[in-house]
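User: I would like to learn how to read helix packing and sheet geometry in a structure. Could you take me through it feature by feature?

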Amino acid sequence: MKDSNNRKMDKELLSMGSDALRKAAINEKAKGFLLSNEVLFKIVKKAADRYIGGETLDETIHKVLYHNREGFKCSMEYMGESTYTENEANEVTNEFIRIAKEIKNQNLNSTISLDLSHIGLSISKDLCLFNLTSLCNEAEKNNIEVIISAEGTDRTDAVIEMYKKISKTNKNASITLQAYLYRTKDDFKDLIKEDGRIRIVKGAFETTENLSIPRGQKLNEIYLNYVDQLLSQKHKCSIATHHHEIQQEAKKLVQYYKVNNETYEFESLYGIQTEQLMALKEEGYATKLYFVYGKEWYLYLCNRIAEYPLNLFRALGDIVN
Ligand SMILES: Cc1cc2nc3c(=O)[nH]c(=O)nc-3n(C[C@H](O)[C@H](O)[C@H](O)COP(=O)(O)OP(=O)(O)OC[C@H]3O[C@@H](n4cnc5c(N)ncnc54)[C@H](O)[C@@H]3O)c2cc1C
């Protein structure tokens, strides 16, 4: 009885910490204070370094080169979302185009990942499609894949519309689908008809209750069911999760359907459960590390800790060492 009370209290404390971090992440005052205080900035940046490629593309390329040599494929994203001026959206697009050029120049084994709202979707669909086409054209010259992320539910329709449009002109675009959304069942049926890779994630954004399935066994089964369908049809896919049991079940499916390593990949965010991805690589499975870089790491760090509050202890360790 005492044990179960303690467990309940632990859970409540973790959830309280998690809520606090989510609030801290979007608190502009806290962010401003941290970024303007040299000492505090240095301390917190130490905790962020575990999860980011760096503040610049060059720093990230350094890490990508190292992990390519270790046998990981990589993906790079210039972090951010929701630009609200055309100028900013164009500048961000140029940065993504720079990634494509550097992948070629430095012969990196890397794809590009991005949020469409970062290159103009929050301003206009035309602008977004124009920028996405520029990026995909540049990347396609060298067979570089461009993977579109899934955003909040207010943007799902628009993101899918953009993906379908770009798929008509470019063969190197891929899409991310969130297993937790009820609507994904239909989107999946529709999008599996396209050749582009489908990356399956559980889903990170808060939604109203009627739109998504909460974390738990049911969601895990649904997630694996999508993976099963993709693998059985030998459709290009990314199994993007840090969930150990799901990875183990997915391994069995890869073997069962005899899927080659070009078709699927196990993908993790850099700095999260990397030892699991490393073990998969050692066993011969295709693995990919997802790097984000840029100056907006404060929000990214808070989110990584909020989704798994025990990471707070890792952050403390990183700061002290
Ligand atoms: C490559 C990649 C791309 C993604 N792209 C998108 C996207 O476009 N849109 C979107 O909505 N979401 C995206 N996500 C996030 C995703 O939706 C989940 O929120 C995130 O992956 C956590 O869910 P999970 O599958 O790892 O399982 P969870 O059920 O959240 O966690 C299962 C287990 O994984 C481990 N774990 C999970 N998170 C952490 C962590 N932060 N630190 C340490 N251990 C952890 C723990 O052991 C935990 O018990 C992406 C994730 C990945 C890996």
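User: At what angle do helix H5 and H6 pack, and how far apart are their axes?

Analyst: Please keep in mind that this is a predicted model. Helix H5 (residues 86–105) and H6 pack at an angle of about 15 degrees, and their axes are 9 Å apart. Angles under 35 degrees count as roughly parallel, and H5 and H6 are therefore roughly parallel to each other. The crossing of H5 and H6 is right-handed.

User: Which residues of H5 and H6 meet, and how do they divide by class?

Analyst: From H5 come Glu86, Ala89, Asn90, Thr93, Phe96, Ile97, Ala100 and Lys101, and these meet Leu127, Asn131, Ser134, Leu135, Glu138 and Ala139 of H6. Sorted by class, the residues of this contact of H5 with H6 are 7 nonpolar, 4 polar and 3 charged.

User: How should I read the packing of H6 and helix H7, and what is the angle there?

Analyst: The reading again starts from the angle and the separation of the axes: H6 and helix H7 (residues 156–169) pack at about 45 degrees, with axes 10 Å apart. That angle makes H6 oblique to H7, and H6 passes H7 in a right-handed crossing. On the H6 side the contact involves Lys125, Cys128, Leu129, Leu132, Thr133, Cys136 and Glu140, while H7 contributes Ala158, Glu161, Met162, Lys165, Ile166 and Thr169. By class, the contact of H6 with H7 has 7 nonpolar, 2 polar and 4 charged residues.

User: Turning to the sheet, in what order do the strands close into a barrel, and in what sense do they pair?

Analyst: To read a barrel, one follows the strand order and the sense of pairing; here 8 strands close in the order E1-E2-E3-E4-E5-E6-E7-E8, and the pairing is parallel. Neighbouring strands of this sheet are turned by 30 degrees against each other on average, with direction ignored. As one case, strand E3 (residues 146–148) and strand E4 (residues 173–178) pair in the parallel sense over 3 bridges, and the bridge partner of Ile147 in E4 is Ser174.

User: Which strands do helix H6 and helix H8 touch where they pack on the sheet?

Analyst: Helix H6 (residues 125–140) packs on the sheet and touches strand E2 (110–114), E3 and E4, and its direction makes about 145 degrees with that of E3. Helix H8 (residues 184–191) also packs on the sheet, touching E4 and strand E5 (198–201), and the direction of H8 makes about 160 degrees with that of E4.

User: How many aromatic pairs does a search of the whole structure find, and what does one of them look like?

Analyst: The search of the whole structure finds 8 aromatic pairs. One of them is formed by Phe188 and Tyr226, which is tilted, with 4.8 Å centre to centre and 45 degrees between the planes. Phe188 lies in helix H8 and Tyr226 in helix H9 (residues 217–232), so the pair ties together parts that are 38 residues apart in sequence.

User: How do the axes of H9 and helix H10 cross?

Analyst: The axes of H9 and helix H10 (residues 244–256) come within 10 Å and cross at roughly 25 degrees, which makes H9 roughly parallel to H10. H9 passes H10 in a right-handed crossing. The contact is made by Asn220, Tyr223, Leu224, Val227, Asp228 and Leu231 of H9 together with Ile246, Glu249, Ala250, Leu253 and Val254 of H10, and by class it has 8 nonpolar, 1 polar and 2 charged residues.

Notes: Residues are numbered from 1 along each chain as its sequence is written. This is a predicted model: local features need pLDDT of at least 70, side-chain atom pairs count only at pLDDT 80 or more; totals for chains, interfaces and linings use all residues. Side-chain values use heavy atoms; hydrogens and water are left out. Two strands pair if DSSP finds at least two bridges between them. Helices (H or I, at least four residues) and strands (E, at least two) are DSSP runs, numbered from the N terminus. Axes are lines fitted to C-alpha atoms, for helices over the stretch in contact, and angles run from 0 to 180 degrees between N-to-C directions. Contact means heavy atoms within 4.5 Å. Angles under 35 degrees count as roughly parallel, over 145 as roughly antiparallel, 65 to 115 as roughly perpendicular and the rest as oblique. A crossing is left-handed if the near helix is turned anticlockwise from the far one by less than a right angle, and right-handed if clockwise. Ala, Val, Leu, Ile, Met, Phe, Trp, Tyr, Cys and Pro count as nonpolar, Asp, Glu, Lys and Arg as charged, and the others, Gly among them, as polar. Rings of Phe, Tyr and Trp (its six-membered ring) pair if their centres lie within 6.5 Å; planes under 30 degrees apart count as stacked, over 60 as edge-to-face and the rest as tilted.
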